[in-house]
Amino acid sequence: MCVNIAAVLGALAVLASTPASAAISGFQLNSLEGVGDMEQKIHDRLKEELKISYQDCIDYIGFGTSQHADTVEETTVVEEPTTVDHGSNEELTESPADDPWRSAEEGKADDAGDPDARVLLTWSVSSVFNGYDYAIKIGSCSDTGSLTDEESAGCTYLVSRTDLTSFTNNELFIDVLDLIPDGCQAGDSGETGVYFFLQLGEDTFTKQVEVVKFQFDFDPPAPPENVTLDAGEENIQVAWDDEKNSETVEYVVYWYDDEFGEGDLDQVDSKSGLSAKEYQITGLELGTTYWVAVATEDDYGNLSDLSEVLSAIPVSVDDFWEYYNKSGGQEEGGFCFVATAAYGTRMAPSVQLLQRFRDHVLLGNSWGRTLTDWYYVHGPDAAAVIRHSPALRFVARVALAPAVGAAWLVLDATWYQRAALVAAAVGLLVGWRALRRRAVRARSDEGVDSGAPGPFPAPGVQVAGNSDERRSA
Amino acid sequence: MKTIVRMALLGMVLIPFGLAAEETPQTMAMEVRIGSYTPDIDSEFGPQDEKPFDKIFGGDSALMLGLELDSQVWHGFGSAGLFGIVSYGYVSGKGIAAGGTKSSDDTTMSFLPLTAGVVYRFDVAAVNLGIPIVPVVKGGLSYTVWWIRDGVEDIAGYVPPSGTGAAAGSSGDGSGKSVEGTGGTFGFYGSVGVHVLLDFFEPHTAKVFDNDLGVNNSYLFAEVAMQRVDDFGSDKSFDLSDTGLFFGLAFEM
């Protein structure tokens, strides 16, 4: 018991002498851009998520574009980390490697030759830190350290202790090799921190620390397994299993009308960002052989090796409509016209007038096109009914008469015909209103309330009456 | 039986005093419906012929979801009004590859029946006697919009063999143009159903429902719907006729 008390007291003493670090109030990471050789080259993954994939690493360090050729298991893993020469200005002289999943030692060799691969990080803090000092470290540092700690192998200064004179858009250049201290070592993963220390004078209790962490993952996911292809009409259905990847992954399906391998992926068709373990490739040609493979992509953008490359040939398949027709079904589907059915022939003047109205008026604006589309969907069915019945054809002609009249008015009527029609319409309206006024006056004279309800009592009244009857019962 | 009689008697007591006395005006009804639908497309083929619908869809039924709106224009000995129903459902199967084997390609046929007509609700017993059963009959016209999709979910198309055309018993005019698998079919609609008045079982909730939302009565219903949808007997149309059972909830408002 005494030992435990002593331990607690000892711990409290340590805590008292080592003030806890607080996050920097108002700290903002404003932007991250590539500069020098990294200009226009930095991936969104790094800019937005502070993540680096293996391929990003290859690009940043300067191996150049590369293709997967070997599995991770075939790469050489260096046990001891190597110190990186951050200040070298040698030019990159080695040519791009055929195999990107190369050893860390190879990576180091090229690292030294690309000193101008840097990112520019801009940051801001609140102006309340006026008078503070700051220092910035990078690596695997401790956020409980001070602004004047000695550098270590895994933690170096980007900015030594300096007066903080600017509070917004402070610029910090970071060598890519500092972000990826062990080079592009396949299978490696981890994070590199950039530590911002602020402190007022020598008062360690005012120290505040902000850590921006860059994560890297050079461990590719496992490729999909048990890939199956089902050839359909102008399509191939691809399905696969993935039991090995426990992390969140997406899939990329590749296909081409010739056999391909890992080195041809930039030339073949593909679909990425698939979360389901199946995909239907469409738009294929019947009778053509297509090769298909699938790869897995983790959320760092690391691509697995390809699955087995399989082939399939799209075949002719009858959907229900085709099968029904080939079986002798009589349904016609398709389109015909109500007006043609009503007037008996497409050459009837009224039909031709309506067609001109469609072409010159309706199809000239969006609502007219919508109306025409609707008619083309539903017109054939109405026509099918009308065509065989003289009575229905007569009814249809009567119903179409206003449309024919409107089409004539718009397309063929002269100005005086239009004026005469407008005058007739106005006359009818005025006459109808006069007749209505006379009827209302007559009812008023007879003592009839013009606001009386119609022949049916209001439903609410009926219900209330029933309720009363029930209550009295 | 005794239980039913007791419940009916209880309803006669509860409904007049607890529910209906202060009902809000009632002018319309709404029904949410679900049921099965199996069109009789194969009926146009002879007994020895291949049945395409059965071959591809295996005799599956479409699960139809529907919404009905009624306008109750007359309240007297029961109530009468106009109704309109919009439903949707589809059947799915596999296409047929060479040799008559099933392919991996899906093919679907979708149905969108639009129905309108008159409805009569015999609610006299429910209103006057407290018996929570309301027989309902409906009759009207139906127009079923249908469309068929192929293995890549496009609207299916069929190109009749050249030189055959309609004379060969197939669709199209032999012009080599693809005939799309979409259209609509007219027909008649009729149904008989039984609506069970839920207010009878929860009069207090029903009263709150009415006061807060204006829902006068709530029903659970079962309905036998008879559809004769074949463009009034046309030989050139799908026979989309069926007799099916529908269930749902109905609200009078």
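Here are two short exercises on the strands of chain A in this predicted model.

**Exercise 1**

Work out the strand order of the open three-stranded sheet in chain A, and say why β9 and β13 each have a side without a neighbour.

*Solution*

Step 1. Start with the order: this open sheet goes β9-β10-β13 in chain A, and the pairing is antiparallel.

Step 2. Now look at the edges. β9 (225-232) and β13 (278-282) of chain A sit there with a single partner strand each, so one side of each has no neighbour in the sheet.

Step 3. Add the twist, which averages 20° from one strand to the next.

Step 4. Zoom in on a strand pair. β10 (residues 235-241) of chain A runs antiparallel to β13(A), and five bridges hook the two up. For a spot to check by eye, find A:Ile236, which faces A:Ile281 in β13(A).

**Exercise 2**

Do likewise for the open sheet of four strands in chain A: what is the strand order, and which strands stand at the edges?

*Solution*

Step 1. Reading across, you get β12-β11-β14-β15 in chain A, again an open sheet with antiparallel pairing.

Step 2. The edge strands are β12 (269-274) and β15 (310-312) of chain A; each has a single partner strand, so one side of each is left free of a neighbour in the sheet.

Step 3. From one strand to the next, the twist here averages 25°.

Step 4. Follow edge strand β12(A) to its partner: β11 (residues 249-256) of chain A pairs with β12(A) in the antiparallel sense, over four bridges. To find your place in this pair, look for A:Tyr251, opposite A:Leu274 in β12(A).

How values were computed: Residues numbered from 1 in each chain as written. Chains lettered and ligands numbered in written order. Predicted model: local features only at pLDDT ≥ 70, side-chain atom pairs only at ≥ 80, totals over all residues. Pairing = 2+ DSSP bridges. Axes fitted to C-alpha atoms, helices over the stretch in contact; angles between N-to-C directions.
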